[in-house]
Every structure is written in structure tokens, then in C-alpha cells.
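Me: I am new to this structure and would like a close look at a single part of it. Please start from one polar contact and work outward in plain terms.

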Amino acid sequence: MAEQSITTLGDFLKAGQTDYQVFDIGRRLTEISQEQFDAIEHQQQPYPYPIARQAQIAVLFQHKSAEQPPYLWFLQFPLDERGLLNLAARNQYLEYVINALGHEITGELTEEQQQQLQQNPYLLTPSETQRAALHAHVQCQHNLSPSIHFETAEAYLLNPNDSLDWQNIGLQGLHDVAARLMQHNDISTAIAEHFASYPGGVRSPLAAALEHQSIPAHLRNALLELINTDDSELTTDALRALASTSDEPRVQKQIASLIENANTDQLVVIAARLWPVLAEPTTLNSYLNAIAKLDMTLFDTLFQDIIALPTVRPQLLSLIAQQQLSEPVQQALNRLKSQVQ
């Protein structure tokens, strides 16, 4: 491919003769198809999973013919006020990479090339959870073995009353288990049975692992029962673990009923991980009423977060335009508007 025809990251990866995958890692691990990523890069659609007006992505690629291990880039690009990819930032990153590598993007890097690649502002340092979720998903997707931590996590989750010390469970092991639940009915059944009784030091990171992976229906149903308990920490963990099911009607209905009495942590989780429930106008209105009772800074943060979501923004703007907001919400919005002006 001629150099002048390379205008996008996708073009660059194709010119390098690579097979590649793109994942959003900002909200929850979600693969972005090459067609959708191409549309994003051409500003034909807003970035679907913005977080703090950024697109946080992982790009996994490997040469189509060479026997080499895959490469992984963690990147963060700013979005404009419409949620579209900032092309100037993307182009600048491309310039960094092409200057450092030319078109040999899967060749062995010299120390100078490595330094050049590290000296750009668009590299993202992923959290341990982001990295573990992606690694587990990719290993499972490509039928590769899980990490050495899998068996320890599996053994504990299957039988938490055994002599195994839960503090010996590695985070990667929990993510490896979470990524394989659709193939391991015995483990998902055990998690459904024991989720409420796992110690917090296991349950919270397990919930953070489950939120990035698909879960079977029987585990979803068990978790739904737990979001109505009096234990607020258990409810929060169950909510997180349900993240991948948040577009299912039954889940949306039950979360909608929780919002009025949800605490701050739960309201944050709903916006960050379960945002599809907010695309329903009645639920969205209820959520606005709930966050209007929070600290002003929290209201501002959560409102600005959800209005940036392409699936929520139209409904939110419609509610504002039709003046269907309660007085506390309207006052909070007026205050926010006055600060922005």
C-alpha cells in the first residue's frame, strides 16, 4: 500500500500485513469490529464507549505469515464535543509510529525505536484489571491455555470451604475463570451458589472480572436476586458482575427498581458499567433524580459522563428539551450550566 494512502490506524495495520483486533477497555472490555473502528476513524459515528471524553483502546495485532508473538498497544485518544475521535491526535500518533517503525510494524524493535514509541502522549498505562481482563479474553478466544493462576482460582471458587487460603488467589486467575464461564458450567454454578458468602477480598475482584465477560443465564438470575439484599457491598458487587447482561429486559427492569434507593457507589457503577439501562427514558429520569441528591461535584461528574454516551445522550437531551425534569434536577443543571458559561 502506498504511504500516502495510509490515513488511519486501520490502514496502517493493514499495510503492515497484520491480523488485528481492537478492544475498548475504558468502560468494560468490548471488542470493536474492524468495520466499526473504520467508521470511528472516519468520524462517521461517535466513539461508542467514551470515558472522561477519551477513547481508551487496546490494539492486538500479529503478522499474517511470520511466526512471531502478537503485539499489543494500549492507546488513549481525546474525543471532541460530539464524541467523535479527535483526528489531529490520531494523526499525530500515526506520525510518531511511522517515523519510528516505517511500515515494518511487526519487526524486532531496536532500543532507539522503543524509545521513540514511548515518547508520545497517546500511550495508555492500563490498570491491572484492564490488562488481566484482556489477557483472559484473548487467551480464551484463541483457545489458548489460561495462566498458571487458573487452577487455584477454580479450586477455591468451586469449594470455598476447603483449606485453600483465598489470599493465595491471583487476580489473573479470577479473570481466567470469568472468561471461561460459558464453557464451565460447574464453576458458574458454584459462583451462583457461593457469591454472597465469598469473603469481600475475593468477591469484589471477582465481580470486577465478571463485569468484562459474558455470563450464563443461571448465574445472571442468581446475581439478580442479590441486588435486593440489605448488604450494600454485596449489592454493589452483584451489580458489577451483571454488567455484561445490562441490555437484557429483565436486568434493566430490576436495576430500574433499585435506583431510587441506590447508594453512591451503586449509582457510579450503573453509569460506568450498566449504562444501557439508562437508555430507557423513565429509568433515566429516575437516575437523574437519584444523582441530584448527591454532592454537587458527583452530580456534575455523573451527568457529564452519561450525556457523553451515544446511546443515552438523545434521551437525555429530549428530557431536558421537554422540561420533564424534577425541580432538584433542573436546579442542579442550571448550576452546572452557569459554571460552564
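Reply: The starting point is a contact between a side chain and the backbone: a polar atom in the side chain of Thr30 lies 3.0 Å from the backbone oxygen of Arg28. The model is a predicted one. Thr30 belongs to strand 2, which covers residues 30–32. Its relative accessible area is 18%, and Thr30 is therefore buried, the limit being under 20%. Leaving aside residues up to four places away in sequence, Thr30 touches Val22, Phe23, Asp24 and Tyr49.

Arg28, whose backbone oxygen takes part in that contact, also lies over a ring. It sits over the face of Trp275, 4.6 Å from the ring centre. Arg27 lies over the face of Trp275 as well, at 5.5 Å from the ring centre.

From one aromatic ring the view can be widened to pairs of rings. The distance of the centres and the angle of the planes describe such a pair. The structure holds nine aromatic pairs. One of them is formed by Phe61 and Tyr71: their ring centres are 5.4 Å apart and their planes stand at 10°, so this pair is stacked. Phe61 is in strand 3 (residues 54–63) and Tyr71 in strand 4 (residues 71–78), so the pair links distant parts of the chain, ten residues apart. Phe61 is buried because its relative accessibility is 1%, whereas Tyr71, with a relative accessible area of 22%, is partly exposed.

Trp73 and Tyr93 make an edge-to-face aromatic pair, with 5.9 Å from centre to centre and 80° between the planes. Trp73 is in strand 4 and Tyr93 in helix 3 (residues 87–101), so parts 20 residues apart in sequence are tied together by this pair. Trp73 and Tyr93 are both buried. The rings of both pairs belong to one aromatic cluster, made up of Phe61, Tyr71, Trp73, Phe77, Tyr93 and Tyr122.

Helix 3 also holds Val97. Val97 has a relative accessibility of 1% and so counts as buried. Between the C-alpha atoms of Val97 and Pro70 the separation is 17 Å, and these two residues are 27 residues apart along the chain.

Further along the chain is helix 13 (264–273). At its N-terminal end Asn263 acts as a cap, with a side-chain oxygen 3.2 Å from the backbone nitrogen of Asp265. Gln266, Leu267, Val269, Ile270, Ala271 and Arg273 are the buried residues of helix 13. An α-helix has 3.6 residues a turn, so residues three or four places apart point the same way. The cover over the buried residues of helix 13 includes helix 11 (232–241), helix 12 (249–258), helix 14 (281–291) and helix 15.

Helix 13 and helix 15 also come together in the account of the largest pocket. Each supplies at least two residues of its lining, as do helix 16 (313–321) and helix 17 (327–340). The lining of the largest pocket has 30 residues, and those nearest its centre are Phe303, Gln304, Ile307, Ala308 and Arg313. The space in this pocket is about 770 Å³.

Notes
Residues numbered from 1 in each chain as written. Predicted model: local features only at pLDDT ≥ 70, side-chain atom pairs only at ≥ 80, totals over all residues. Heavy atoms only, no water. Helix = DSSP H or I, 4+ residues; strand = E, 2+ residues; numbered from the N terminus. Buried < 20%, exposed > 50% of the residue type's maximum accessible area, 1.4 Å probe, protein only. Polar contact = N/O pair within 3.5 Å; in protein donor to acceptor, adjacent residues only side chain to side chain. Contact = heavy atoms within 4.5 Å. Phe/Tyr/Trp six-rings, centres within 6.5 Å; stacked < 30°, edge-to-face > 60°. Lys NZ or Arg CZ within 6 Å of the ring centre and 35° of its normal. 1 Å grid on protein atoms, 1.4 Å probe; cavity = no way out; pocket = protein on both sides within 12 Å on 5 of 7 lines; lining within 4 Å. Points joined across faces, edges and corners; volume = space filled by probe spheres on them.
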